[in-house]
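User: I am new to reading protein models and would like a close look at a single part, the salt bridges. Could you take me through them slowly, with the setting of each partner?

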Amino acid sequence: MFSSLGTSDSRESKAKLVLNINTTLSLAHDKSFADVLHDIAQEIRTSIGAHQSAVSFIPDGDFQRAVHTHSFSSKYEKYNSYDVMPTGKGIWRLVIDQRKSVRFTEEELYSHPMFKRFSELKDARGLEHPPMPGWLASPVKRPNGEVVGVLQLSDRFEGDFDEHDQEYLEGMAKLTSIIFELQYVNHDLAEKTKQAELAERKLRRAVSSLQRQNQEIEQFVYVASHDLQEPLRTIIDLSEKLKKDYADTLDAKGNKLLSFVSDSSNRMRNLVKGLLEYGRIGKNKQLKSVDCIKLVKAVKKDMKTSIEEVDGELIINDLPIINAYETELRVLFQNLIANAIKFRRKDVPPRVVVSAKPNNGWTFSIEDNGIGIDKQYQDQIFVIFQRLYNQSEYPGTGIGLSHCKKIVELHGGNIWVESTPNEGSTFFFNIPNL
Ligand code: ADP
């Protein structure tokens with residue numbers, strides 16, 4: 001085991017190297033990095049037959065983060081706890097700067113100008129660096145040539161280190177570089193996994209907090225709109241009664257004010273109704289197979305009068321049968337078609353086309369030839385209560401599209417609009433396969 005490679009021929013040393021490749025690779029499994037380094041130190045020392053060895057890993061050339069280990073024969077037993085970390089100065093520097101092996105006899109080493117006196121290298125308990133009768137050191141390089149480690153041997157069992165020892169150590173330096181690369185990969189991977197886990201935890205917390213807030217808001221909106229209904233009904237009833245019983249006794253201004261009260265409270269009733277319906281989306285939802293042609297035809301029938309009144313046309317292209325929440329889907333088509341008719345141009349009768357295309361599920365489109373929407377408002381309109389016109393131009397509550405968005409999201413899809421002002425708009429939404 002302690003035989004020296006110096007006496008073997010080159011073929012034997014290569015065989016030994018192959019053997020060591022296996023040993024080295026097996027080291028990379030199930031062991032801490034420090035233990036693997038220690039095994040390499042042990043391996044090079046016993047294979048060559050020397051009393052001292054050391055292995056250092058200097059990630060990115062940073063000595064603050066260096067991992068250093070050594071192995072001693074029983075001759076140097078008392079140095080087992082010697083723990084002065086290399087500083088990257090002294091004779092070491094030679095290996096790093098020259099980027100190749102250095103081999104010295106004791107005399108050559110001690111007389112070298114970069115060699116540091118051992119008295120300068122005492123550990124915490126005052127133990128000096130062990131004497132170094134001869135030295136062989138090889139750099140460990142990354143594939144890009146950067147030196148990230150050093151393998152060292154000192155005090156050969158017999159004689160000085162020779163070129164066979166050097167050849168072996170350089171081979172081991174190559175194997176060590178593979179292990180260092182694994183360490184880089186593991187480190188990067190661990191770092192990335194840690195970051196991903198952290199980000200995921202943060203995201204999960206944010207999502208659950210949002211869900212909670214959303215639920216609270218929905219609950220609040222629902223309760224508030226529910227509670228508003230009663231006093232609102234009273235206001236509407238009373239203003240109707242006022243109109244009926246006191247219209248004669250009021251002057252023109254009084255009657256006008258009264259009709260303002262009546263109009264406003266009717267609008268408020270629509271808003272509250274819209275809010276209540278918005279809050280109900282998704283409650284008691286039940287997925288079922290829905291024939292979209294039948295569904296849109298039913299919507300068309302409901303809207304027959306309002307379409308005919310404006311000389312409008314609703315064309316229904318081929319539509320699929322999909323799994324969806326039927327009641328909600330119907331409200332979705334109804335809102336989009338009603339908007340397409342409502343936001344018509346004055347110069348042409350409204351023409352609305354409903355189509356669908358397969359696309360990871362289905363993408364539906366409701367195309368109109370109406371007033372269109374300026375690019376800058378195309379996201380804003382999906383926010384509740386956001387409207388672009390006042391009541392007298394185009395009446396409404398500003399709830400419809402936010403309602404549509406909520407319904408599409410309930411199905412796990414998206415909704416968006418493409419539009420050119422004064423030419424028309426196409427609302428798209430996709431429903432994935434459910
Ligand atoms: P409402 O129709 O009650 O105003 P919506 O939420 O349905 O509320 O729509 C928000 C706004 O988006 C509308 O006020 C209108 O300005 C714009 N909009 C919606 N649909 C269309 C459309 N087909 N063409 C042009 N503008 C539209």
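Analyst: What follows goes through some of the salt bridges one pair at a time. Please keep in mind that this is a predicted model. As general background, side chains of opposite charge can pair when their charged atoms come close. A search of the whole structure finds 15 salt bridges, and one of them is formed by the side chains of Lys-75 and Asp-155, with 2.7 Å from N to O. Lys-75 belongs to the loop between β2 (67–72) and α3 (92–98), while Asp-155 is part of strand β5 (residues 147–156), so this pair ties together parts that are 80 residues apart in sequence. Asp-155 has a relative accessible area of 6% and is therefore buried, since buried means under 20%.

A second pair has another setting: Glu-230 forms a salt bridge with Arg-233, and their closest N and O atoms are 3.3 Å apart. Both residues lie in helix α5 (residues 163–246), three residues apart, which is about one turn of the helix. Glu-230 is partly exposed at 47% relative accessibility, and Arg-233 is also partly exposed, at 44%.

In a third pair, the side chains of Asp-302 and Arg-330 meet at 2.6 Å, N to O. Because Asp-302 sits in helix α7 (residues 292–302) and Arg-330 in helix α9 (residues 326–342), the salt bridge ties together parts that are 28 residues apart in sequence. Asp-302 counts as exposed at 52% relative accessibility, whereas Arg-330, at 28%, counts as partly exposed. Finally, Asp-60, Asp-62 and Arg-65 are joined into one network by salt bridges that share partners.

Definitions and conventions. Residues numbered from 1 in each chain as written. Predicted model: local features only at pLDDT ≥ 70, side-chain atom pairs only at ≥ 80, totals over all residues. Heavy atoms only, no water. Salt bridge = Lys/Arg side-chain N within 4 Å of Asp/Glu carboxyl O. Helix = DSSP H or I, 4+ residues; strand = E, 2+ residues; numbered from the N terminus. Buried < 20%, exposed > 50% of the residue type's maximum accessible area, 1.4 Å probe, protein only.
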